[in-house]
Structure formats: structure tokens, C-alpha cells
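The exercises below are meant to be worked with the sequence and the coordinates open side by side. Try each task before reading its solution.

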Amino acid sequence: SGRALTEELLKTLEYSNVPSSTIDGLTEHLKKHSLEVEDSLAYSEVRLQSAAYIDGRPTQRITSPQITLTTGNSFTPSASIKMRIDGKEIESKSEGVGVFDALVNAVLTGINGDFGKKIKFAGWEEISVNGGQDAEAYARVYMKYGDEMYVGRARHTDIAIAAGLAAVNAINSIYAINKPPV
């Protein structure tokens with residue numbers, strides 16, 4: 001049923017005296033979220049969803065990312081992103097070794113100073129979901145903050161955008177869990 005696993009996770013996350021009905025509700029919530037992402041959940045996702053379900057913390061503090069990527073064989077790849085962090089519009093630009101590197105740099109530059117500097121890119125995977133005119137790509141990105149690994153996922157018709165959105169998703173988890181709301 002997953003209930004015992006949820007109880008163990010809550011102990012690991014230092015939640016105590018959680019009512020039985022809340023554990024049952026969280027168990028169902030985690031199962032539903034796993035079905036939505038069509039994959040098992042990473043520890044960071046369970047942490048984020050638990051904090052949202054039990055404490056009412058927001059899961060999406062970084063919203064509305066609008067990404068522009070520029071690449072070519074005669075200039076340095078660059079990226080710009082417009083996003084809202086806790087309702088405040090932020091615009092950031094950066095260059096990188098490739099478009100994905102440029103995008104991660106732009107997102108981290110947009111996140112207030114020292115906090116963004118502590119987040120490190122740890123890897124990524126991309127998967128073609130289907131082919132044809134409606135082809136879709138799935139990206140999974142791993143970011144590290146302190147000793148913990150965070151996973152972000154996204155789908156898009158452009159793999160670079162999917163990877164960028166997945167990076168925003170992972171960074172959003174880090175931000176939502178570790179940075180107090182304003």
C-alpha cells in the first residue's frame with residue numbers, strides 16, 4: 001500500500017505525531033504524483049510533496065519560465081529566462097559551453113546571489129518519448145545542493161527546452177525546500 005514507506009519517510013524527514021489520516025492522504029498524494037510523472041519519485045520529490053501536503057508549503061515558487069536559447073557554430077551559446085520567483089518577475093541572461101549550460105547559468109544567476117551559487121549541476125538524461133510531427137522529448141536533470149541530490153523532469157517538443165524546464169523544476173525543488181518563503 002505504501003503507507004509503511006510513507007511513515008518511514010516522514011520519520012526520516014523529522015515529522016513526528018502525524019495523524020493517521022494525514023499519512024493515508026499523503027500516501028495517496030505521492031502515488032498520484034508518481035503516476036503523473038510516469039516514474040518513481042526521487043527523494044527530493046517526496047520531500048517537496050510531503051512539505052507541501054503537511055506544512056502547506058508551495059511546491060512551485062519559481063513559475064512561468066519563458067526560455068530563449070541562441071546557438072550556432074560561430075558564436076558562444078546563450079540563454080535568457082524570464083520567470084517569477086514568489087510572484088516577483090526576474091529576467092536573467094547568461095552564456096555557456098552549450099545551450100543547456102547557458103540556461104542553467106541564467107537560472108542560477110536569476111536566483112538571488114549566494115543561494116544560487118550553492119546549487120551545482122550534477123547530470124541529465126534525455127529520452128525521446130515518440131516520433132513524428134508531434135514528437136516529444138523527456139528530460140531528467142540532477143542538481144546538487146549541499147549533500148542532497150534533486151531531480152527535475154519536463155517534456156517538450158524541443159529537447160533543449162525540455163532539459164531547461166527540467167533544470168528549473170529541480171532548482172524549484174531546492175528553492176522551495178531550502179529557502180524560506182518571502
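**Exercise 1.** Which residues does R153 touch, not counting residues up to four places away in sequence? Place R153 in its secondary structure element, classify its accessibility, and list polar contacts of its side chain.

*Solution.* The model is a predicted one, and the starting point is the element itself: R153 belongs to strand β6, which covers residues 148-156.

Step 1. Beyond the excluded sequence neighbours, R153 touches V37, D39, S40, L41, A42 and E45, together with Y138, A139, R140, A166 and N169.

Step 2. The relative accessibility of R153 is 10%, and because buried means under 20%, R153 counts as buried.

Step 3. Two polar partners can be named for the side chain of R153: a polar atom of this side chain lies 2.8 Å from the backbone oxygen of S40, and the side chain of Y138 makes a polar contact with it at 3.0 Å.

**Exercise 2.** Determine how helix α1 (residues 3-12) is oriented relative to helix α2 (residues 20-37), and describe the residues through which they meet.

*Solution.* Step 1. The two helices pack at an angle of about 105°, and their axes are 9 Å apart.

Step 2. Since angles of 65 to 115 degrees count as roughly perpendicular, α1 and α2 are roughly perpendicular to each other.

Step 3. On the α1 side the contact involves R3, T6, E7 and L10, which meet S20, I23, D24, L26, T27 and L30 of α2. Sorted by class, this contact of α1 with α2 has four nonpolar, three polar and three charged residues.

**Exercise 3.** Repeat the analysis for α1 and α3.

*Solution.* Step 1. Here the packing angle is about 85°, with the axes 11 Å apart, and α1 is therefore roughly perpendicular to α3.

Step 2. L9, L10 and T12 of α1 make the contact with Y43, V46, S50 and I54 of α3. The contact of α1 with α3 has five nonpolar residues, two polar ones and no charged ones.

**Exercise 4.** Characterise α2 by its span, its buried residues, what covers them, and the residue that follows the helix.

*Solution.* Step 1. With 18 residues, α2 reaches 26 Å from its first C-alpha to its last, which is close to the 26 Å expected at 1.5 Å a residue.

Step 2. The buried residues in α2 are I23, G25, L26, T27, L30, H33 and V37, and their cover includes α1, α3 (43-55), β5 (136-145) and β6.

Step 3. After α2 comes E38, with a positive phi near 55°.

Technical notes. Residues are numbered from 1 along each chain as its sequence is written. This is a predicted model: local features need pLDDT of at least 70, side-chain atom pairs count only at pLDDT 80 or more; totals for chains, interfaces and linings use all residues. Side-chain values use heavy atoms; hydrogens and water are left out. Helices (H or I, at least four residues) and strands (E, at least two) are DSSP runs, numbered from the N terminus. Buried means under 20% relative accessible area, exposed over 50%, partly exposed in between (1.4 Å probe, protein chains only). A polar contact is a pair of N or O atoms within 3.5 Å; within protein, one must be able to donate a hydrogen and the other to accept it, and residues adjacent in sequence count only if both atoms are side-chain atoms. Contact means heavy atoms within 4.5 Å. Axes are lines fitted to C-alpha atoms, for helices over the stretch in contact, and angles run from 0 to 180 degrees between N-to-C directions. Angles under 35 degrees count as roughly parallel, over 145 as roughly antiparallel, 65 to 115 as roughly perpendicular and the rest as oblique. Ala, Val, Leu, Ile, Met, Phe, Trp, Tyr, Cys and Pro count as nonpolar, Asp, Glu, Lys and Arg as charged, and the others, Gly among them, as polar. The expected span of a helix is 1.5 Å times one less than its number of residues.
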